[in-house]
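Colleague: I'm new to reading protein models. Could you walk me through one, feature by feature?

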Amino acid sequence: MSKKALAAAGTVVCFAALFLYMYLRHGYAFPFIEQNSMFMWDGGHLLRRVAECGGAAAVARDFLLQFFVEPWSGALIASLLLTAAGVAAWRTLGRVAPANGALLLWLAPVVTQMFLAIDCDYRYEGLVSWLAAWGLFSLFVRFGGRVAVRIAAASVAGVALYWLAGPAAIAFAVTLFVYEIVSGGARRWWYLLPVAATLVMAAAAYGCGWYGTAERAFTPAAYWNPMTPAPAWVWAAWVAMPVAVAAVRPLARMWQQGTALRRAAVAAVQVAAVAVVAVSAARGERYYMQEDTRLFERLDYLMRRGAWDEVIDAVAASGSENTLHCFMLNTALLERDELAARAFTFPQRGLEGLSIDWSDNNPFLFPMLSDMYYATGNVSIAQETAFKKNSEALAVNGSCSPRMLMRLVQTFIAAGGRSGYAAAEKYISMLEHTLFYRAEAASYRRFLGDDAAVEADSRLGAARANMSNIAAVYDAERDASQLSRLRPNGLAGRTVEHLLVGRLLNRDLEGFCAAVDGCRAAGVMPAAECFEEALLIHGAMTGLDMSAYGISEATRRRFLAFQSFAAENYSRSDLAALMRRNYGGSYMYYYMFAGEEPAPKR
């Protein structure tokens with residue numbers, strides 16, 4: 001087999017291995033990453049972005065990330081980029097030291113970028129810029145010419161690359177200088193001039209405030225979330241460029257001139273080096289490697305598609321007790337109008353399973369919170385959290401979150417009014433310039449300025465009608481009787497279930513009973529076995545007569561049996577497990593044993 005055929009086969013194998021790993025192991029990371037950027041097919045917008053320092057790489061990133069909307073397509077594109085990185089490194093190193101096919105140095109940047117590619121804090125223009133730097137370096141290795149001309153061309157190319165892609169230009173200039181040093185050219189030290197030119201450009205970028213900090217202007221930290229410190233492993237692929245160029249010639253010489261033992265040693269050293277880099281990069285991304293994170297990404301993908309039954313089944317199958325997973329499960333139960341009926345048949349994590357704390361402005365939480373509050377008909381908080389996520393996407397990537405823009409369209413239309421419709425129209429117009437959101441966004445145009453159409457819509461009309469109920473729920477924090485103001489609509493039942501189940505999760509039976517009285521007075525009290533069990537527990541603890549609440553005889557008998565069984569076995573060390581086998585999935589079990597053992601399905 002010819003060398004070209006071997007190279008082609010190796011490329012295919014590399015791509016296939018990367019794709020299978022990325023898709024099967026981390027496929028749902030890519031739709032999650034896609035939420036943080038939006039590519040708009042708008043010439044004026046694109047020209048304005050390209051005119052910014054580093055803007056061309058950012059536009060290339062947004063163009064690629066728009067296709068991350070599905071797990072398979074995201075894994076496909078990421079694998080293609082990583083394979084291109086490997087091929088670029090392999091071919092370039094082959095020009096630096098011909099006949100070095102046995103060397104494995106080209107794998108180092110692939111494995112470092114591979115694990116960065118699943119990190120939401122890594123900006124994909126880093127990978128695009130790295131490829132551009134390698135490509136430019138490869139051109140200078142390929143072509144000769146007069147030293148003065150090459151130095152001038154390298155200086156101009158470095159400055160231009162910095163403008164297009166940022167600090168990747170410094171890596172290009174340093175790598176070119178290292179190449180000339182190891183090549184032993186007579187005027188090799190003059191190649192410090194392109195390095196100086198790119199450093200001057202970086203200083204100008206810092207001085208003009210284009211990158212904010214000196215670290216971001218001069219280092220690969222530019223390709224990391226500016227809101228968090230860049231980790232050390234972000235440097236790995238960039239340092240690998242000049243190091244590989246410096247090492248490839250002596251290694252190739254040792255391979256070609258050495259004995260079989262020496263060749264084996266050369267290969268072993270490289271395998272070990274690549275393995276160390278891979279393990280270090282994987283450890284650096286251990287948060288994204290763990291099962292809980294991968295399940296979270298999968299649930300988020302299912303939620304954004306409204307696959308509520310699949311969310312419920314996925315959490316049930318996993319047996320997870322993670323609070324975020326529980327929160328997403330409860331959102332799905334709300335959307336299926338089954339929260340009160342099924343909440344306690346799953347492990348619950350207390351009140352945070354319905355009202356997770358977002359005071360630390362964790363951007364991961366905002367889409368989840370927006371989904372939860374939109375499910376309950378709480379337009380204002382669904383809108384506020386959508387704004388927060390969109391603001392974070394703008395701060396980190398200079399781009400919007402299309403998913404949250406769609407939520408802003410929904411909530412502004414539900415709120416109505418001249419300003420609400422105007423804001424919704426603005427976001428619809430933006431989304432209509434996207435590839436995958438334009439059709440859904442356009443479907444909302446018919447509601448603009450048409451109150452009758454909004455009120456006739458089952459979801460938007462119910463959300464508008466439910467705004468008064470949300471106000472009553474807030475007022476009920478001070479005076480539970482305010483719940484008597486609740487009015488039936490398509491989302492009132494969810495609002496009430498969210499309120500009452502929250503009280504049960506918090507074991508606030510006094511507040512629960514007061515809320516029940518208000519809901520009954522308003523005629524919006526849903527029937528649920530867990531509510532009857534909570535009323536009986538409260539009655540047993542306070543001595544109050546619960547007969548007026550219409551509790552079924554079956555629930556009463558079950559409650560008495562629970563009391564009797566608990567009393568008979570109270571001294572047993574395995575009481576929680578014993579009760580779980582007989583009463584797991586009931587609110588009675590949750591109230592007595594929550595936090596000791598997870599409750600299985602009833």
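**Cavities and a buried arginine**

Modeller: Sure, let's begin with the empty space inside: the largest cavity has a volume of about 80 Å³. Keep in mind that this is a predicted model.

Colleague: How many cavities of 30 Å³ or more does the structure hold?

Modeller: There are four of that size. The second largest comes in at about 70 Å³.

Colleague: Which residues line the largest cavity?

Modeller: To read a lining, look for the residues around the space. Here they include F32, C120, D121, K389 and N397. Helix α20 (residues 379-397) gives the most, with four residues. By class, you get five nonpolar, three polar and three charged residues in that lining.

Colleague: And what lines the second largest cavity?

Modeller: Among its lining residues are E34, M38, Q66, P402 and Y437. That set divides into six nonpolar, three polar and one charged.

Colleague: Let's try a single residue. Is R61 buried or exposed?

Modeller: For that, check the relative accessible area; under 20% counts as buried. R61 has a value of 0%, so R61 is buried. You'll find R61 in helix α4, which covers residues 55-65.

Colleague: What does the side chain of R61 make a polar contact with?

Modeller: Its partner is the side chain of E125, at 3.0 Å.

Colleague: Which residues does R61 touch, not counting those up to four places away in sequence?

Modeller: R61 touches R49, R123, Y124, E125, N397 and S399. You've met N397 already, in the lining of the largest cavity.

Terms used
Residues are numbered from 1 along each chain as its sequence is written. Side-chain values use heavy atoms; hydrogens and water are left out. Helices (H or I, at least four residues) and strands (E, at least two) are DSSP runs, numbered from the N terminus. Buried means under 20% relative accessible area, exposed over 50%, partly exposed in between (1.4 Å probe, protein chains only). A polar contact is a pair of N or O atoms within 3.5 Å; within protein, one must be able to donate a hydrogen and the other to accept it, and residues adjacent in sequence count only if both atoms are side-chain atoms. Contact means heavy atoms within 4.5 Å. On a 1 Å grid over the protein atoms alone, a cavity is a set of points where a 1.4 Å probe fits but cannot get out, and a pocket is an open set with protein on both sides within 12 Å along at least five of seven lines; lining residues have an atom within 4 Å of a point. Grid points are joined across faces, edges and corners, and a volume is the space filled by probe spheres set on the points. Ala, Val, Leu, Ile, Met, Phe, Trp, Tyr, Cys and Pro count as nonpolar, Asp, Glu, Lys and Arg as charged, and the others, Gly among them, as polar.
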